[in-house]
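Q: I've got a model open and I'd like to learn how to read it. Can you walk me through a few features, starting with a helix?

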Amino acid sequence: MHFITYSAEQTKTTVSPLKESTTMLSKEKKLELAKKITQSNTFKNAPTSIALLKYLVQTNIDERELKEGIIDIEFFGGQSDKDKNNPRVRVNIFNLRNKLHKYYLSEGINDLWQLKIDKGQYRLRFEKQGLQQRHIINKKYVQAVPYLLLSILITVLIFHNLADSPPQIWKAFFNNNHTTNLFIGDAFGYGGKTISGLHGWTRDFSVNSLDDYYEMVEQQPQLISTTSPTDYFYSKRMAENATHDLSRYFTKWGRDFEIKYATRTSFSDIKKDNTIYVGRLKYQKNFTYLFNEGNPYFKVKDRSIEFSGHPILKDTSFVVSTNETDQDYAIVARIPGPHHTEQFLFFSDHDIGVMGTVELFTNEDAIKSFATKHLKDKSYFVAIYKAKGKERINLDMKEVLIVPFE
């Protein structure tokens, strides 16, 4: 806030808003503005948003038109029409827009120029802010400024102490210094002649990675000349719904995540960052391994979950893989990861289980109720639910077994 004093003759008038210069920004000035933002506290733990902002600034400097498909190919390395149903561009633009808004409400509140991405658009633009009208004040009122500032400071402190903080279940994801990766449980496939006799993409349930593919062609050499690995990503509606719910929840707390595909993931990708997995229990060896290693009582074995060794609860097992599409077992695991990272795993064989549990654990009221009922002083847990639905839409969730642990 700026206060200006004038002579007695001047105090009878007010200053009109100043007209801003419409001079175009130079390339160097645009890069300088972007650098200031990417080095701010708001963007400190958001490497994807930083990289995307730099990319959009460069396209502004080059005066290029942008579409979703162009960003997907140039920035995310997408494969033309192969990834056209992938929501990662919309999600990351949404996250970046919100981070810019948060920056200009805090650290950048006095910035003369603002970087903006209009809703529904992908192109970044620079907008100069008009100066607020300054009212002339008498010198005696300047003496009240320290008291005004003290009142504002007290109000801010009270508000800060009363403001909501992330629930304990998610807090470590937001407070540690690791990037969060959302791994989508996609299906691996390879190219070649299909049952129709034409060239296409084949999903073979016994082949779920490049290693499996090369093992297959080694055992069946005749396939070397008629098949080949592809870069197609295949995921179901579950992935889009889960991504939407998680993105909305992370944005609420000023955080974001990167989207990756499970079949293209190695342990080197997993061990250094926070992990969220959404997808099938079957055919995802890396993530079932994490589940088995990360909790003391449950183990995935083929089509079942085995529970044993608990000091109070009796041993039991659940057959979680079914062919029924109107009901589904879902397993949610909040477990510690390597190198002080955090992991949240959402497993089920059909859409309704994952969609239902992700929706549950991104709902504030549901999270608080769950924590009060089950967690008490515990940080981690495994929860098994039975989901029922219609047309792969979740309609009901029933708790089967909830086991918290340290």
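A: Sure, and keep in mind that this is a predicted model. Let's start with a helix that has an outside. The exposed residues D211, E218 and Q219 sit on the face of helix 8 turned away from its buried side.

Q: And which residues of helix 8 are buried?

A: Buried here means under 20% relative accessible area. In helix 8, which covers residues 210–219, the buried ones are D212, Y213, M216 and V217. Look down the helix axis and these buried residues fall within an arc of 130°, so they line one face of helix 8.

Q: What covers the buried residues of helix 8?

A: The cover includes two strands, strand 4 (190–193) and strand 6 (227–229), along with helix 11 (285–294). Hang on to helix 11, as we'll come back to that name in a moment.

Q: How should I read a sheet, then? What is the strand order in the open sheet of three strands?

A: For a sheet, look at the order, the direction and the edges. In this open sheet the order is 9-10-11, and the pairing is antiparallel. Strand 9 (298–301) and strand 11 (316–319) are the edge strands, each pairing on one side only. From one strand to the next, the twist averages 20°.

Q: How many bridges join strand 10 to strand 11?

A: Four bridges link strand 10 (residues 304–307) with strand 11, and the two run antiparallel. To find your place, pick out I305, whose bridge partner in strand 11 is F318. Now helix 11 returns: this helix packs on the sheet, where it touches strand 9 and strand 10, and its direction makes about 150° with that of strand 9.

Q: On to charges. How many salt bridges does a search of the whole structure find?

A: The general idea is that side chains of opposite charge can pair when their charged atoms come close. Over the whole structure, the search finds 14 salt bridges. Take K373 and E399 as one case: their closest N and O atoms are 3.4 Å apart. K373 belongs to helix 13 (residues 364–375) and E399 to strand 15 (residues 393–405), so this pair ties together parts that are 26 residues apart in sequence.

Q: Are K373 and E399 buried or exposed?

A: K373 counts as exposed, at 55% relative accessibility. E399 counts as partly exposed, at 34%.

Q: What about a salt bridge between K378 and D377: how far is N from O?

A: There the side chains meet at 3.5 Å, N to O. D377 is exposed, with 56% relative accessibility, while K378 is partly exposed at 28%.

Q: Which residues do salt bridges with shared partners join into one network?

A: K116, D118, R125 and E127 are joined that way. Within that group, R125 and E127 form a salt bridge whose closest N and O atoms are 2.7 Å apart. R125 counts as partly exposed at 30% relative accessibility, and E127 is also partly exposed, at 24%.

Q: Say I click on a single residue, such as T38. Where is T38, and is T38 buried or exposed?

A: With a single residue, go through place, burial and neighbours in turn. T38 is in helix 1 (residues 27–38). T38 counts as buried, because its relative accessibility is 12%. Its side chain reaches the backbone oxygen of K35 at 3.0 Å. If you set aside neighbours within four places in sequence, T38 is in contact with F43, I50, L53 and K54.

Q: Last one: backbone angles. What is the phi of H339?

A: Here you check the sign of phi and whether the residue is a glycine. H339 is not a glycine, yet has a positive phi of about 55°. You'll find H339 in the loop between strand 12 (327–336) and strand 13 (342–348). H339 is exposed, with a relative accessible area of 56%.

Q: And where does K376 sit?

A: K376 is in the loop between helix 13 and strand 14 (380–390). Its phi is near 55°, again positive in a residue other than glycine. K376 counts as exposed, at 74% relative accessibility.

How values were computed
Residues numbered from 1 in each chain as written. Predicted model: local features only at pLDDT ≥ 70, side-chain atom pairs only at ≥ 80, totals over all residues. Heavy atoms only, no water. Buried < 20%, exposed > 50% of the residue type's maximum accessible area, 1.4 Å probe, protein only. Arc of directions from axis to C-beta. Contact = heavy atoms within 4.5 Å. Salt bridge = Lys/Arg side-chain N within 4 Å of Asp/Glu carboxyl O. Polar contact = N/O pair within 3.5 Å; in protein donor to acceptor, adjacent residues only side chain to side chain. Pairing = 2+ DSSP bridges. Axes fitted to C-alpha atoms, helices over the stretch in contact; angles between N-to-C directions.
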